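Q: Please take a close look at the aromatic rings of this structure. Show me how they pair, and then what surrounds them. I am new to it, so keep the sentences short.

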Amino acid sequence: MAITIEERWDSPQIQLGFNGEQSGATRTYMIMGTDDYDKAVTSFLGFVDEGFRTWSLKDTDITRVANSAWEAVVSYGHLTRNNNDNSEQWPAPTFQFEISGTQQKFLHSYRTIGVYAPPGRRAPYFGGLIGVTKDSVEGVDLDVAVSTFSETHYFPPEFVTSNYISFINRAYGRVNGYPFRGFAADEVRFLGTSGSYKGSERWVELTYRFAVSPNMWDIWIGDIGPIWKPGWAYIWVRYEDQTDNNAGSLVKRPVGVYVEQVYPYLNFASLGIGW
C-alpha cells in the first residue's frame, strides 16, 4: 500500500500577534498507508521539508490514530530567507472599519410607555407587541447600526495552500467562539477572505472581513425576561390568543421566547491572524 500524506482542512497555520509580529506556525497532517512508525516518520519528514521549506522545522509530534493512519503535528520557527541575510521584515497588517446603518423589523418594543383609549373604553394591552392585527403582528422597520471591519495580512506564498483555501471556504459565516479583537465571544462573524498574488512578489496579500453584532442582555418581551441573546443568535416568539379582561377582547400575547444558535462556532485563531 502506498503511503499518502494529506493536510487536515482544519489545520491551524501561521500564528501572528495583533501587531503583525510572526510567532511561529503549526500544521496538522494525516499519514496513511503504513503501520510502521519508522516508515511513517521517514516519509513524512521528506514531504514536510519540501512543502514548507522557508520555515525552520522546530518539532514534529507523530501519533497513531488508527490502523495504518498517523497524525503529525508540525511546529515551525521564524521565517528566514535561507540566504546570508539574517531575516526578512514581516509586513505589518492594515485595518479598516465601517459603521453604517440598515433597517431591521422589530416585533416588540423595549417597553410600552402608554396605552390610550376612547372615553368609556379600555384599550387591549399586547405586552409590547407592535402593529397587532386580528391575525398577525406586523412590527415596524427601524434603523440599527451595522459594524464591519477588515484586516489585510501578508504571508509567504507557501502559506496559501489549497488546503487553507478549503479551510477558509468552510470557515465562512462562522461566529467567534472565543473573544476576538476586543469583542466578546458570539459577537463577530467571519465574512470571508480575498487575496491577490503575482509570481514575482514576495508576499501574498490576504484581506479578512468581519461583521459585528453585539450581545444583548436584559431583553424583555411582554412579561418574559430577562432574556440573554448572543449577538448572532436568532430570537423568535410564540404567541397565543388570550382574553384581556380589562378590555373584554382577545389579544395576542407572547407565551414563549426562543433563542437559537444558527451559525456554527470557530476559533478565529485558526485563521492564522492572531487573536
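A: Start with one ring residue, Y263. Its relative accessibility is 26%, so Y263 counts as partly exposed. The cut-offs matter here: buried means under 20%, exposed means over 50%, and partly exposed lies in between. Keep in mind that this is a predicted model.

Now the pairs. A search of the whole structure finds 13 aromatic pairs. One of them joins F180 and F210. The ring centres are 5.2 Å apart, the planes make an angle of 50 degrees, and the pair is tilted. This pair links distant parts of the chain. F180 sits in the loop between β8 (175-176) and β9, while F210 belongs to strand β10. The two are 30 residues apart. What is the relative accessible area of F180? It is 1%, so F180 is buried. F210 also has 1% relative accessibility, so F210 counts as buried too.

Back to Y263, which pairs with W232. Their ring centres are 6.2 Å apart and their planes stand at 80 degrees, so this pair is edge-to-face. It too links distant parts of the chain. W232 lies in the loop between β12 (224-229) and β13, and Y263 lies in the loop between β14 (249-260) and β15 (265-266). They are 31 residues apart.

Pairs can add up to a cluster. Ring pairs link F149, F180, F183, F190, F210 and F268. So F180 and F210 are both members of this cluster.

Look closer at F210. Set aside its neighbours within four places in sequence. F210 is then in contact with S147, T148, F149, E151, F180, V188, R189, F190, L191, F268, L271 and I273. Cluster members F149, F180, F190 and F268 are among these contacts.

The next layer is the nonpolar core. The largest one has 19 residues. F190, Y208, F210, F268 and L271 touch the most other members. Four elements give two or more residues to this core: β7, α2 (162-171), β9 (188-196) and β10. The most come from β10, which gives five residues. A second, separate core holds 10 residues. Y29, I31, W70 and A72 are included in that second core.

W70 leads to R64. Apart from neighbours within four places in sequence, R64 is in contact with D35, A69 and W70. R64 sits in strand β4 (residues 55-66). Its relative accessible area is 43%, so R64 is partly exposed. R64 and I31 are 33 residues apart in sequence, and their C-alpha atoms are 9.2 Å apart in space.

Some strands named above also line a pocket. The largest pocket has a volume of about 1200 Å³. Its lining has 34 residues, and Q104, F106, M216, K229 and I235 lie nearest its centre. The elements that give two or more residues to the lining are β6 (94-106), β7 (140-155), β10 (204-212), β11 (216-221) and β13 (234-244). Both β7 and β10 are also among the elements of the largest core. By type, the lining divides into 25 nonpolar, seven polar and two charged residues.

Three backbone details lie in parts of the chain already met. Most residues other than glycine have a negative phi, and most peptide bonds are trans. D186 has a positive phi, near 85 degrees. It sits in the loop between β8 and β9, where F180 is also found. D186 has a relative accessible area of 13%, so it is buried. D218 is another residue with a positive phi, about 60 degrees, and it is not a glycine. D218 is in strand β11. Its relative accessibility is 53%, so D218 counts as exposed. Finally, a cis peptide bond joins G225 and P226, with omega about -5 degrees. P226 is found in strand β12.

Now step back to the whole chain. It has two helices and 15 strands. Of its 275 residues, 37% are buried. Consider contacts between residues at least 6 apart in sequence: 64% of them join residues at least 24 apart. The pair of F180 and F210, 30 residues apart, spans such a distance.

Key. Residues numbered from 1 in each chain as written. Predicted model: local features only at pLDDT ≥ 70, side-chain atom pairs only at ≥ 80, totals over all residues. Heavy atoms only, no water. 1 Å grid on protein atoms, 1.4 Å probe; cavity = no way out; pocket = protein on both sides within 12 Å on 5 of 7 lines; lining within 4 Å. Points joined across faces, edges and corners; volume = space filled by probe spheres on them. Nonpolar A, V, L, I, M, F, W, Y, C, P; charged D, E, K, R; others polar. Core = buried A, V, L, I, M, F, W, Y, C linked by side-chain atoms within 4.5 Å. Buried < 20%, exposed > 50% of the residue type's maximum accessible area, 1.4 Å probe, protein only. Contact = heavy atoms within 4.5 Å. Phe/Tyr/Trp six-rings, centres within 6.5 Å; stacked < 30°, edge-to-face > 60°.
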